[in-house]
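Q: Please take a close look at one part of this model, starting with how its strands are arranged. Then follow how its helices pack.

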Amino acid sequence: MPGALQRPAVVSRVSDLIGCTPLLELAATETGSRLLLKLEMFNPTGTAKIRMARAMVDAAEAAGELRPGGRIVESTSGNTGLGLSVIAAERGYTFTAVVDHHACADKLRGMKALGTELVYVVDDGSSGELATAAREELAEEMARGQDNTVFTEQHNNPANGVGYFPVAHELNEALDGKIDVLIGAVGTGGALFGTSRELNELISGFTVIGVEPKGSIAFGGPAHDYYQSGTGTPEGAELGALVDFDLLDEGVKVGDVEAFATCRAVARTGLLIGGSAGGVVYEALTRLSSLPPGTTMVALVNDGGEKYMDTVFNDEWMQERDLLDVEVEREIDELLTKLRRNR
């Protein structure tokens with residue numbers, strides 16, 4: 001990407017590698033519209049969420065809530081936990097991640113390898129259900145009244161959104177302000193709304209589209225289980241304080257079948273993306289041809305696909321859950337092939 005937003009040639013900490021992630025033109029139309037992917041998997045830990053993990057720790061330190069030798073507690077489905085694991089390791093904090101068995105095993109293994117203490121909200125190993133509300137409750141309880149201990153509470157922490165302000169500057173500089181549509185997943189709301197809030201300070205006239213899994217309740221019901229991890233608001237969980245409907249032009253839902261089929265189709269172009277990113281890219285691809293000529297659409301791809309070899313890219317796992325649909329995958333393949341010819 002052109003401009004001044006460049007990493008130094010040599011850094012002294014892993015967290016110094018955060019940011020300045022690349023843009024990839026995945027697809028284009030005959031009328032000059034294009035879909036660009038902001039590849040956040042090029043951050044350390046392979047995810048955007050290390051941006052907000054660092055920002056939340058910075059804020060806790062600035063407020064005097066976290067001092068040398070302190071402890072961080074967070075409820076996480078994996079990627080936020082990986083980011084906090086890195087920051088805690090660098091700064092000498094103890095980190096306790098409250099998790100459930102819905103999380104991808106590779107994310108849990110990664111946190112443990114980085115020195116994180118894992119506490120399961122369901123500890124018998126038999127449940128694969130998403131337990132966001134129970135995780136939040138336990139994390140809050142573990143931190144309550146403990147000296148030099150902070151529950152970063154990602155769903156309601158303003159620093160979460162602040163952590164993504166640099167994304168807006170990176171996009172604005174790389175594209176010289178030419179951004180017509182910004183589309184991204186909505187979980188805590190930090191990535192999409194933090195980016196769009198700051199981007200509003202730099203440019204105007206762009207559209208913000210939020211994507212959540214079918215079964216999530218941020219954009220209404222009905223509620224049901226879903227397998228896209230690290231995104232959405234499951235039944236029983238409170239909507240994150242960072243979800244800002246004033247910044248949202250359109251909220252849409254994408255099912256697991258379509259999201260994961262897109263991941264698998266995109267993989268055949270040489271790029272591995274995570275499950276929730278598949279939902280974002282699916283929505284972007286299906287509406288690209290209907291956009292006005294010359295539109296630049298940017299999709300926030302907040303996660304790489306390497307952590308999903310046992311799930312999204314595993315035929316047996318997909319078949320057991322009735323998520324493998326050859327016809328849907330073929331249709332996405334054909335659409336992607338058609339649109340890639342115009343690049």
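A: Six strands make up an open sheet with mixed pairing, in the order 1-2-10-7-8-9. Strands here are DSSP runs (E, at least two residues), as are helices (H or I, at least four), numbered from the N terminus, and two strands pair if DSSP finds at least two bridges between them. The model is predicted: local features need pLDDT of at least 70 and side-chain atom pairs pLDDT 80 or more, while totals for chains, interfaces and linings use all residues. Residues are numbered from 1 along each chain as its sequence is written, and side-chain values use heavy atoms, with hydrogens and water left out.

The edges of the sheet are strand 1 (23-28) and strand 9 (250-254); each has a single partner strand, so one side of each lacks a neighbour in the sheet. On average, neighbouring strands of this sheet are turned by 25 degrees against each other, direction ignored. Strand 7 (residues 181-185) and strand 8 (residues 207-213) run parallel and are joined by five bridges. Val-181 stands opposite Thr-207 in strand 8.

The loop between strand 8 and strand 9 holds Tyr-227, and helix 10 (residues 315-320) holds Trp-317, so their ring pair ties together parts that are 90 residues apart in sequence. The two ring centres are 5.5 Å apart and the planes stand at 80 degrees, so the pair is edge-to-face. Rings of Phe, Tyr and Trp (its six-membered ring) pair if their centres lie within 6.5 Å; planes under 30 degrees apart are stacked, over 60 edge-to-face and the rest tilted.

Next come the helix contacts. Helix 6 (residues 165-175) and helix 7 (residues 190-199) have axes that come within 7 Å and cross at roughly 55 degrees, which makes helix 6 oblique to helix 7. Axes are lines fitted to C-alpha atoms, for helices over the stretch in contact, with angles from 0 to 180 degrees between N-to-C directions; under 35 is roughly parallel, over 145 roughly antiparallel, 65 to 115 roughly perpendicular and the rest oblique. Among the residues in contact (heavy atoms within 4.5 Å) are Phe-165 and Leu-171 of helix 6, and Arg-197 and Leu-199 of helix 7.

Helix 8 (residues 256-267) and helix 9 (residues 275-288) pack with axes 7 Å apart at about 85 degrees, which makes helix 8 roughly perpendicular to helix 9. Their contact includes Phe-260 and Val-266 of helix 8 and Gly-275, Gly-278 and Gly-279 of helix 9.
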